[in-house]
Amino acid sequence: MAGFPEPRFDARDDAPGDAPARFAERLRALEPRYHIHHPFQRLMNDGQLDADAIRGWVLNRYCYQVHIPMKDAALLSNCPDRDVRRRWIQRILDHDGDSRDEGGIECWVRLGIACGLTREEIESQHQVLPGVRFAVEAYVNFVRRASWQDGVASSLTELFAPTIHRERLASWPQHYPWIEPSGLDYFRKRLTQAHRDVEHGLELTLSHFRTRAAQDRAVAIVRFKQDVLWSMLDAMHLAYVHHMPPYAAVPGVP
């Protein structure tokens, strides 16, 4: 992948890294790069987006949502540790659902319907922006090719996720009363799921990335994942705020 080292986990005994608590501080210090600070996200939380922009965000994020269990399945296929697999597989069930729970993907579809979209519009992904699709596929392909430890590190943007879910639950009913309240169930569920997931992901990362080189790599991986999320909003901001979707300025493009 251009601009990012070949995915590998190097366990050589080189210079020791920070103690776990200090390493965790380094990871948490990446919060200013989280997409909660993107202009599009700020407009959303301030109630400054119109209905088309909200629907566009839901449509494009669906592309991300449906790829997350595929990413996690790729991570599991690279992981020889049964104990890790037993815990990590819950993430797939959280999204895909099982006999007891409809799962996060279905909750996201219901969010789209609550916003006025149809199931076919959402699930077809026909309106997904190229920039979003490229960013999502870059993330999934990274995890497919990476060691499972690197894949775990890439999940640590979840360190900052509960805040963004709480903000949506607090601001959307006020700013977007036209959205059916039941459509916000996805955000409610992720408050507890994300907290559980990040505890496990952080535990694994702190235990496996012990050298200075490995810890620097983990930080670079989290930054890469933040770039993925930021790039997705760049594409949406251009399309739905500046009304410049791809090829808008080129007449006659099918």
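Buried means under 20% relative accessible area, exposed means over 50%, and partly exposed is in between (1.4 Å probe, protein chains only). The model here is predicted, so local features need pLDDT of at least 70 and side-chain atom pairs count only at pLDDT 80 or more, while totals for chains, interfaces and linings use all residues. Residues are numbered from 1 along each chain as its sequence is written, and side-chain values use heavy atoms, with hydrogens and water left out.

**Exercise 1.** Work out which parts the salt bridge of Arg196 and Asp94 ties together.

*Solution.*
- Start with the term: a salt bridge is a side-chain nitrogen of Lys or Arg within 4 Å of a carboxyl oxygen of Asp or Glu.
- Arg196 and Asp94 fit, with 2.3 Å from N to O.
- Arg196 sits in helix 10 and Asp94 in helix 4, so the pair joins parts 102 residues apart in sequence. (Helices are DSSP runs of H or I, at least four residues, numbered from the N terminus.)
- Now check the cover: Asp94 is buried at 8% relative accessible area, whereas Arg196 is partly exposed at 34%.
- Both residues also belong to a salt-bridge network with Arg91, Glu158, Arg190 and Asp197.

**Exercise 2.** Find the salt bridge between Glu203 and Arg87, and decide whether each residue is buried, partly exposed or exposed.

*Solution.*
- The side chains of Glu203 and Arg87 meet at 3.6 Å, N to O.
- Glu203 lies in helix 10 (residues 185-208) and Arg87 in helix 4 (residues 82-96), so this pair links parts 116 residues apart in sequence.
- Glu203, at 43% relative accessibility, is partly exposed, and Arg87, at 44%, is partly exposed too.

Terms used: Helix = DSSP H or I, 4+ residues; strand = E, 2+ residues; numbered from the N terminus.
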